[in-house]
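Please go through the labels assigned to this model and justify each of them. Set every value against the cut-off that it has to meet.

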Amino acid sequence: WLNSGFRIWKFGEWLDFIRYPGLWETAAPEIPDTCYCPRCLKKFQADSKIQMPKGVEGKEVAAWIRGNAPYEWMKWKKEQIASFVVAVKKILAENPGKRRLKLGLFLVPWTKGERGNAISYLLGQDPFELAELVDVISPMFYHKMCGKTPKWVGYMCDYYRETVKCQIWPIVQVVEAQGAEGK
């Protein structure tokens, strides 16, 4: 349900795939509405105090949640992602070593209103809430893969810069780079 990887660098640790699953690196992304597994449903009901009616099963579960508790479900999914970030931050604080490492994370570069707020509803990733927990956010600006122009990178950097207090280290896509000789 939660796919997260670590990137350990000399200056810090970056969390990758810190979201629910979805192929976003395309001009027409396909983001599934997940995760309605028994574990998540049980945890959602316990954490939110929302009880689904008896007999609601299978595909009916997602429909019931979308119709009766969509905001609570989104909030809960975002809390699952944020709680992992908090846990990593605590580990880093308890084990500082010789110098404090930065904590960063890679973000899907979408605005909150884009694609029906899929970044929050489907991916469970709230860049502004997560930015409060880390030292650096690294939006993955893969403009060519996403069908965007290079100017989009600047627009999106401004979007984050207007709101977040942490550092922004953009990750950009380089295409068809040529060597010094122009080959």
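The questions and answers below concern a predicted model and take up burial, strand pairing, salt bridges and nonpolar cores in turn.

Q: Why is strand β4 called largely enclosed by the rest of the structure?
A: Buried means under 20% relative accessible area. In β4, residues 136-141, 6 of the 6 residues are buried, so the strand is largely enclosed.

Q: How do you know which faces of β4 are covered?
A: V136, S138 and M140 lie on one side, I137, P139 and F141 on the other, and all of these are buried. Both faces are therefore covered, given the cut-off of under 20% for a buried residue.

Q: What makes β3 and β4 a strand pair?
A: At least two bridges are needed for two strands to pair. Strand β3 (residues 102-107) and β4 have 4 bridges, in the parallel sense, so the requirement is met. One of the partnerships is that of F106 with S138 in β4.

Q: Which strands does β4 join through 2 bridges?
A: Strand β5 (residues 167-168) is joined to β4 by 2 bridges and runs parallel to it. Strand β6 (residues 171-172) is also joined to β4 by 2 bridges, again in parallel. Because at least two bridges are required, both count as pairs with β4. V136 has Q167 in β5 as its bridge partner, and F141 has V172 in β6.

Q: Why is the contact between K78 and D126 called a salt bridge?
A: The rule asks for a side-chain nitrogen of Lys or Arg within 4 Å of a carboxyl oxygen of Asp or Glu. The closest N and O atoms of K78 and D126 are 3.0 Å apart, so the pair qualifies. K78 is in helix α3 (residues 70-94) and D126 in the loop between α4 and α5, 48 residues apart.

Q: What makes E129 and K78 a link between parts of the chain?
A: Their side chains meet in a salt bridge at 3.3 Å, N to O. E129 belongs to helix α5 and K78 to helix α3, so the pair ties together parts that are 51 residues apart in sequence.

Q: Why does K78 count as buried or exposed, and what about E129?
A: K78 has 10% relative accessibility and counts as buried, because the cut-off is under 20%. E129, at 43%, counts as partly exposed, since exposed means over 50%.

Q: How do you know that E132 and K165 form a salt bridge?
A: The N to O distance is 3.9 Å, and the limit is within 4 Å, so the pair counts. E132 lies in the loop between α5 and β4, and K165 in the loop between α6 and β5, so the salt bridge ties together parts 33 residues apart in sequence. K165 itself counts as exposed, at 73% relative accessibility.

Q: What makes K78, K112, D126 and E129 one network?
A: They are joined by salt bridges that share partners. By the same rule, the count of salt bridges comes to 10.

Q: Which residues touch the most other members of the largest nonpolar core?
A: Of its 40 residues, I65, V85, L105, I137 and Y160 do. Helix α3 gives the most to this core, with 7 residues. L105, leaving aside neighbours within four places in sequence, is in contact with residues including W14, V85, L130 and I137.

Q: Which residues does the second, separate core include?
A: W24, V108, I119 and L123 are among its 13 residues.

Technical notes
Residues are numbered from 1 along each chain as its sequence is written. This is a predicted model: local features need pLDDT of at least 70, side-chain atom pairs count only at pLDDT 80 or more; totals for chains, interfaces and linings use all residues. Side-chain values use heavy atoms; hydrogens and water are left out. Buried means under 20% relative accessible area, exposed over 50%, partly exposed in between (1.4 Å probe, protein chains only). A nonpolar core is a set of buried Ala, Val, Leu, Ile, Met, Phe, Trp, Tyr and Cys residues joined through side-chain atoms within 4.5 Å. Contact means heavy atoms within 4.5 Å.
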